[in-house]
Amino acid sequence: MAAPTWLSDAVLYQIYPQSFADSDGDGIGDLRGIAEHLDYLAWLGVTAVWINPCFVSPMGDAGYDIADYFAVDPRYGDNNDLARLVDQTRAHGIRLLLDLVPGHTSGTHPWFVASANDPRDHRYIWAAPAGGRLPERFVPSPGTRPGGYLPNFFDFQPALNFGYARQKADEPWRQGTDAEGPRANRAALRTIMDHWLGLGVSGFRVDMASSLVKDDPGFAGTARLWREVRAWLDRTHPEAALLSEWGDPALAVPAGFHADFFLQFGGPANGGPLRSLWSTGTATSLKEWGTDPCYFDAGGRGSIGTFLNAYQDAFHTIGEPGHVVLPTANHDFARLRTGPRTPEQLPPAFAFQLTFPTLPAIYYGDEIGMRYVPGLPDTEGSVLAPGYNRSGSRTPMQWDPGLNAGFSAAPAGSLYLPVDPDPDRPTVAGQRADRNSLLHLVKDLIAIRRAHPELGPGGSLEILHDGYPLAYLRGGRFLVIVNPCGRVRVLPHDRPELASATGVKHTGVVVAEAKITASPFSFGIFRL
Ligand code: GLC
């Protein structure tokens with residue numbers, strides 16, 4: 001079954017709920033805060049919002065350590081607030097997606113507490129010590145049960161048992177995927193999804209989607225599991241969408257997902273370093289990054305070839321039924337504006353993101369050019385474990401010039417993370433009042449994309465030039481020029497039809513007979 005139409009037309013927006021808007025002045029964002037800003041999101045033109053986990057959690061990993069899948073954490077409000085938010089987003093023409101964390105729970109989840117005290121329970125993966133030592137990676141049991149458990153990410157996130165693809169006689173904790181524990185966990189997963197879909201949410205971003213079945217060559221067992229979930233979903237909630245954090249659409253879509261996030265590509269599995277389109281290495285260190293310049297490098301030293309190859313491979317494998325999501329950033333990685341990148345470099349990046357045949361996802365604040373704030377202490381996500389410099393991408397949304405940039409009425413010192421201290425920090429209010437701002441540009445680009453389906457994932461793509469500037473045709477009808485580098489670039493061409501193209505939106509690109517001239521950090525969208 002193909003992806004629901006609403007997804008194919010979607011412009012996604014990610015809200016990190018801690019940092020978006022604090023309605024009750026306790027220094028941390030909440031669901032009512034989100035509800036208070038839905039007019040803004042509708043004005044911007046986004047059609048679907050996904051929020052990071054908002055469920056009861058000790059917040060050792062910012063909510064990715066869930067203690068109750070069915071209850072909203074009090075810091076964000078309560079279940080009624082979430083139910084209201086679902087209705088309010090719908091009333092604004094926006095769909096709401098939640099974050100599903102299938103692979104692990106918090107160590108405080110009652111399932112884990114029970115398992116740590118009952119050797120007959122197999123919802124988690126337990127090993128007995130051999131020769132006085134636990135097998136590698138296993139963490140000592142916190143309960144009366146002897147031995148240790150396998151974590152999925154941080155030590156305080158015990159992996160739920162979905163079985164192993166391969167068994168070994170001397171490793172009895174490797175249960176088959178159809179053992180009792182894995183069956184119970186698969187059933188629980190459906191119950192959780194059914195619960196929130198029943199409330200009216202439109203789907204899930206699925207955390208660490210490839211991590212479920214262990215020792216799983218080619219992810220065959222994990223893919224079987226998700227295809228089973230998808231078959232159930234197609235029957236019971238055909239309008240719902242599953243978006244995976246997998247990082248490999250060519251595997252994730254055939255495994256049952258409607259779309260996969262494509263923030264990084266390449267990587268050891270593809271015989272090279274991991275790369276990002278937007279940044280060279282990144283300020284955050286969740287993964288090991290290659291060091292070659294990215295394509296959106298101001299010096300024009302990057303190459304878009306690796307991205308295009310990876311995208312085209314993915315596209316040809318997944319075909320019609322699935323999508324590639326291209327985010328500006330997320331809560332784990334550096335923002336679009338990181339390190340030396342200046343605001344003037346952002347328009348070509350958005351022009352690319354919003355005219356390429358992928359689903360765009362805007363990370364909150366990137367639309368006004370909020371920067372990655374360097375040097376912030378790690379908070380959640382590192383209290384009990386090493387941090388990954390992720391705080392710099394998670395600072396409060398900058399709404400206006402008032403106290404705490406309009407994020408919260410709490411004293412500045414009691415905010416969960418500080419607001420960017422830069423006196424020139426951009427704000428939504430400032431940019432809404434300025435027709436020439438990045439915010440208005442992003443809004444216009446979204447409107448153009450939504451008005452012309454050729455610019456969406458269904459329109460054809462013909463690359464005319466893959467250096468600086470990048471030039472491509474969408475749907476045979478739109479010419480897009482993107483020059484992310486700080487020098488004028490001239491592109492000769494021999495297509496007479498380009499010369500008569502009319503500008504839809506452009507900054508410093510001139511299309512003439514025989515050549516296209518692109519000023520530094522420019523882009524152009526033209527209709528043929
Ligand atoms: C995903 C999340 C990240 C979290 C991890 C463990 O990568 O995006 O924030 O720390 O999973 O759940």
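This is a short tour of one predicted model, stop by stop.

**Stop 1: the whole chain**

Start with everything shown as a cartoon. The secondary structure comes to 13 helices and 21 strands. The radius of gyration is 23 Å, close to the 24 Å that the globule rule gives for 528 residues, so the chain is as compact as a globular protein of that length. Align the view to the principal axes. Along them, the C-alpha atoms fill a box of roughly 75 × 50 × 40 Å.

Now colour by accessibility. Of the 528 residues, 59% count as buried. A contact map adds another view. Take the contacts with a separation of 6 or more: residues 24 or more positions apart account for 64% of them.

**Stop 2: S19**

Select S19. Which elements flank its loop? The loop runs between strand 1 (12-15) and helix 2 (31-36). Is S19 buried or exposed? Its relative accessible area is 0%, so S19 is buried, the cut-off being under 20%.

Next, show what touches S19, leaving aside its neighbours within four places in sequence. The contacts are G29, Y364, R394, T395, P396, M397, F407 and Y416. Display these as sticks around S19.

**Stop 3: a sheet of 3 strands**

Move on to residues 126-127, 139-140 and 148-149. The first two ranges are strand 6 and strand 7, and the last is strand 8. Together they form an open sheet in the order 6-8-7, with antiparallel pairing. Why do strand 6 and strand 7 each have one side without a neighbour in the sheet? Both stand at the edges with a single partner strand, so one side of each is left free of a neighbour there.

Zoom in on the pairing of strand 7 with strand 8. The two run antiparallel and are joined by 2 bridges. Pick V139: its bridge partner in strand 8 is Y149. In general, strands of a sheet pair through backbone hydrogen bonds.

**Stop 4: helix 6 against helix 7**

Finally, select residues 180-199 for helix 6 and 220-236 for helix 7. How do their axes cross? They come within 11 Å and cross at roughly 35°. The crossing is right-handed.

Show side chains for the contact:

- From helix 6: R186, L189, R190, M193, D194 and L197.
- From helix 7: L225, W226, E228, V229, W232 and L233.

Colour these residues by class. They divide into 8 nonpolar, no polar and 4 charged.

Methods:
Residues are numbered from 1 along each chain as its sequence is written. This is a predicted model: local features need pLDDT of at least 70, side-chain atom pairs count only at pLDDT 80 or more; totals for chains, interfaces and linings use all residues. Side-chain values use heavy atoms; hydrogens and water are left out. Two strands pair if DSSP finds at least two bridges between them. Helices (H or I, at least four residues) and strands (E, at least two) are DSSP runs, numbered from the N terminus. Buried means under 20% relative accessible area, exposed over 50%, partly exposed in between (1.4 Å probe, protein chains only). Contact means heavy atoms within 4.5 Å. Axes are lines fitted to C-alpha atoms, for helices over the stretch in contact, and angles run from 0 to 180 degrees between N-to-C directions. A crossing is left-handed if the near helix is turned anticlockwise from the far one by less than a right angle, and right-handed if clockwise. Ala, Val, Leu, Ile, Met, Phe, Trp, Tyr, Cys and Pro count as nonpolar, Asp, Glu, Lys and Arg as charged, and the others, Gly among them, as polar. The radius of gyration is taken over C-alpha atoms; the globule rule is 2.2 Å times the number of residues to the power 0.38.
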